Amino acid sequence: MKNVKNYLSENKDRFLNELIELLKIPSVSADPAYSQDVIDTAETVKRRLEEAGCDVVEIHETAGYPIVYGEKIINPDLPTVLVYGHYDVQPADPIDLWHSPPFEPVIKKNDAHPEGAIYARGACDDKGQMYMHVKALELMVKTDQLPCNVKFMIEGEEEVGSNNLGIYVAANKAKLANDVILISDTGMIANDVPSITTGLRGLSYVEVEVTGPNRDLHSGLYGGAVANPINILTKMIASLHDENNHVTIPGFYDKVEELSKEERAEMAKAPFSLESYQKALDIESVYGEKGYSTNERNSIRPTLDVNGIWGGYIGEGAKTVIASKAFAKISMRLVPNQDWKEITELFKTHFESIAPKGVTVKVKPHHGGQGYVTPIDTIAYQAASKAYETTFGKKPIPQRSGGSIPIVSLFEKELGSKTILMGFGLDSDAIHSPNEHFGVWNYFKGIETIPYFYEYFTEMNK
Ligand code: BES
Ligand code: MN
Ligand code: MN
């Protein structure tokens, strides 16, 4: 690849401004109030793909938000890279914890990003990372060095479970045929410690409802005599972990892939400072499953967490009341070989079975997906590794992540191809949280690294 750095430095301001424009559109897929903005974002992505050099760009309607499909086929005999990303973002709340409005991007410096970071919802997850691929395509096309075919599939429902994308992929296998899938929607260890994500956890997300009496009651007149759904729910939830922080659902660990001693020793080589980890979160100590390190707990081990819990009176002052109902949202992160539908069933059966007399329990499955592990002995991984080596001057470390992109395992099932997860975000970029940001350095490093992947992948396929 020639002139990568030149092209980048000549177009830096425009590349940054285009991303800022994209970040101004509040494409929150979870909240129907933003539906027009989500649709507008799809239109913007379509236009940008056309400008970057795609020959065909189409908007595919779904039962939910549209999928933007683009392609540039230069020679059917050459390999094809399919880029996946998402243009939808998480809700911005809690809004008052943002230091600047979530959809008015600003560039500010911080400890991890001395060259500045773009603060906005979606900056890192995933508009900023998705847009690196659009600009990398522009760079390769405009400098006349696109070495292979490229297809883009950018969806608007990743943050709400990608259900319609699953249907679209299954119905368009020939159109989406490819040799490798390339995604930037994960992170790396640090700007001076590049890594490539080799694993994603699966997910099962459920909502539970505990009902006691048929109406809210005076907590003096009835307190002590009837089951209080909030007391019961919290007790049931507490019983889902034992004293070693193992999940107590029968069968939960049955299919868990156990890593060998060697694999765990290899993992432990990745640089990690428990002290700075704790410091960054203002915690005195980490907490988790006995027998595993922090990096193991959040990547190769399955977990169960309450994501939200509500019921009763939470307004100003006090109200003496026993609520009729209590609710919680619970996520289970899964590892290879655990089947998310099976785990959802195990949860449901167990949770219903531990409900005491005097309450009824409903378990409502939301969405989920399988975990994913990408092998490192493939041409695709080697090409990615070499690309990082070229632009970072260091060999990247393969590392499994704790997050989930449920659609990735479905890609492999339906399209038969492996996914390479070239993430350029940092854990401290606060994705899904207030003050999400993406390093300006990371944005440009991504745009610089991606073309080398294309080059090496095409070369190695010859
Ligand atoms: N990009 C994230 C997933 C991610 C982030 C993986 C960082 C690895 C490292 C994605 O947008 C996401 O948030 N996924 C959800 C699941 C989805 C079904 C809502 C998640 O992991 O909670
Ligand atoms: Mn994402
Ligand atoms: Mn996300």
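Where in the chain does N337 lie? N337 belongs to the loop between β13 (325–334) and α9 (340–353), and its backbone is discussed in the last group of points below. The structure is a predicted model. Much of this briefing concerns ligand 1, which 17 residues surround, and a pair of manganese ions, ligand 2 and ligand 3, which lie 3.6 Å apart.

**Surroundings of ligand 1**

- Among the 17 residues around ligand 1, the closest are E158, D185, R333, S404 and H432.
- By character, the shell around ligand 1 consists of five nonpolar, seven polar and five charged residues.
- Two domains contribute to this shell: domain 1 (4–200 + 371–460) and domain 2 (203–256 + 302–369) each supply at least three residues.
- An N or O atom in the side chain of D185 is 2.8 Å from a nitrogen atom of ligand 1.
- Oxygen atoms of ligand 1 also have polar side-chain atoms beside them, with one of H86 at 3.2 Å and one of D125 at 3.1 Å.
- Ligand 1 taken alone exposes 520 Å², of which the protein buries 88%.

**The manganese ion (ligand 2)**

- The protein donors of the manganese ion (ligand 2) come from H86 (NE2), D125 (OD) and D185, the last of which is listed with OD twice.
- These protein donors lie 2.0 to 2.4 Å from the manganese ion (ligand 2).
- Along the chain, the donors of this ion follow the spacing H-x38-D-x59-D.
- The site of the manganese ion (ligand 2) has six donor atoms, and with angles of 56 to 166 degrees among them it is irregular.
- For comparison, ideal angles for six octahedral donors are 90 or 180 degrees.
- D125 bridges the manganese ion (ligand 2) and the manganese ion (ligand 3).
- H86 lies in strand β3 (residues 80–86) and D185 in the loop between β7 (180–183) and β8 (195–200), so this pair ties together parts that are 99 residues apart in sequence.

**The manganese ion (ligand 3)**

- The manganese ion (ligand 3) is coordinated by D125 (OD), by E159, listed with OE twice, and by H432 (NE2), at 2.0 to 2.6 Å.
- What is the geometry of the site of the manganese ion (ligand 3)? The site is irregular, with angles of 55 to 154 degrees among its six donor atoms.
- The donor residues of the manganese ion (ligand 3) are spaced D-x33-E-x272-H in sequence.
- E159 is in the loop between β6 (149–155) and α4 (163–171), while H432 is in the loop between β17 (419–421) and β18 (437–439); the pair therefore ties together parts that are 273 residues apart in sequence.

**Backbone features**

- Most residues other than glycine have a negative phi, and most peptide bonds are trans.
- N337 has a phi near 80 degrees, a positive value in a residue other than glycine.
- The peptide bond from D93 to P94 is cis, with omega near 5 degrees, and P94 is found in the loop between β3 and β4 (106–110).
- The peptide bond from D125 to D126 is also cis, with omega near 0 degrees.
- D126 is located in the loop between β5 (113–119) and α3 (127–142), and its cis-bonded partner D125 is the residue that coordinates both manganese ions.

Notes
Residues numbered from 1 in each chain as written. Chains lettered and ligands numbered in written order. Predicted model: local features only at pLDDT ≥ 70, side-chain atom pairs only at ≥ 80, totals over all residues. Heavy atoms only, no water. Near = heavy atom within 4 Å. Polar contact = N/O pair within 3.5 Å; in protein donor to acceptor, adjacent residues only side chain to side chain. Areas by Shrake-Rupley, 256 points an atom, 1.4 Å probe, with all protein chains shown as cover. Nonpolar A, V, L, I, M, F, W, Y, C, P; charged D, E, K, R; others polar. Domains from an automatic or database assignment. Donors = N, O, S within 2.8 Å, 3.2 Å for Na, K, Ca; no water. Tetrahedral: all angles 85-135°; square planar, octahedral: opposite > 155°, others 65-115°. Helix = DSSP H or I, 4+ residues; strand = E, 2+ residues; numbered from the N terminus.
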